[in-house]
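Subject: the structure you asked to look at

Hi! Here is the structure to take over from me. Have a look at it first, and then read my notes below.

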Amino acid sequence: MNLTNGAEMANYVSTADTFLKRLKGLMFTESLPAGHGLLIQPCQSIHTFFMNYSIDVLYLSENLEIVGMDEAIKPSKVGKYQKRACSVLELPSGTIRETGTKIGHYLLTI
């Protein structure tokens, strides 16, 4: 949930919080369905190698402030390195635009 504007970001979020889960991430998956996301922690940068679809990426501080984002990052690319990020939320491509999410917004987890 985007606490700043009330938009729902995802209603089902998996967590990648071990070395192997972070390493695998979304690699070799066929898609990331609408309403789904992957929270990677700790994390300051991502890649989309071995993926067949674009994703939106939110870089989050410790208090879940959005400190950076990549929209529609294509397969086989490297995301921006975000020094202030403690975690990353990967979402279906178009989620950032559709929800009006901006840097400086805060997320709420339930």
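Let's begin with strand β2, which is mostly covered, as four of its five residues are buried. Buried means under 20% relative accessible area, exposed means over 50%, and partly exposed is in between, with a 1.4 Å probe and protein chains only. Helices (H or I, at least four residues) and strands (E, at least two) are DSSP runs, numbered from the N terminus.

Before going on, some small print: this is a predicted model, where local features need pLDDT of at least 70, side-chain atom pairs count only at pLDDT 80 or more, and totals for chains, interfaces and linings use all residues. Residues are numbered from 1 along each chain as its sequence is written, and side-chain values use heavy atoms, with hydrogens and water left out.

**How the strands pair**

Two strands pair if DSSP finds at least two bridges between them. β2 covers residues 36-40 and runs antiparallel to β5, with three bridges joining them. On its other pairing, β2 runs parallel to β1 (residues 12-16), through five bridges. One bridge to look for there is T15 with L39 in β2.

β5 also pairs with β3: they run antiparallel and are joined by six bridges. Try finding V88 in β5, because you will see I40 opposite V88, and Y59 stands opposite V88 too. How many of the six residues of β5 are buried? Six of the six (residues 87-92) are, so the strand is largely enclosed by the rest of the structure.

**Two neighbours in one loop**

S61 sits in the loop between β3 and β4, and so does E62, with β3 spanning 55-60 and β4 spanning 66-73. Is S61 buried or exposed? S61 is buried, at a relative accessible area of 8%, whereas E62 is exposed, at 73%. Leaving aside neighbours within four places in sequence, S61 is in contact (heavy atoms within 4.5 Å) with V67, R84 and C86.

**The cores**

A nonpolar core here is a set of buried Ala, Val, Leu, Ile, Met, Phe, Trp, Tyr and Cys residues joined through side-chain atoms within 4.5 Å. The largest one has 16 residues, of which L26, I46, I55, V57 and Y59 touch the most other members. β2, β3 and β4 are the elements that give two or more residues to this core, and β3 gives the most, with three. L26 is in contact with L32, L38, M51, Y53, I55 and E90, again leaving aside neighbours within four places in sequence. A second, separate core has eleven residues, including L58, M69, I96 and L107.

**The pockets**

On a 1 Å grid over the protein atoms alone, a pocket is an open set of points where a 1.4 Å probe fits, with protein on both sides within 12 Å along at least five of seven lines; lining residues have an atom within 4 Å of a point. A volume is the space filled by probe spheres set on the points, which are joined across faces, edges and corners.

The largest pocket has a volume of about 330 Å³. Its lining has 15 residues, with M1, A10, V13, L108 and T109 nearest its centre.

The second largest pocket holds about 200 Å³ of space. R22, L23, I40, I46 and H47 are the closest to its centre among the 14 residues that line it. Helix α1 (residues 19-24) gives the largest share of that lining, three residues.

Happy exploring!
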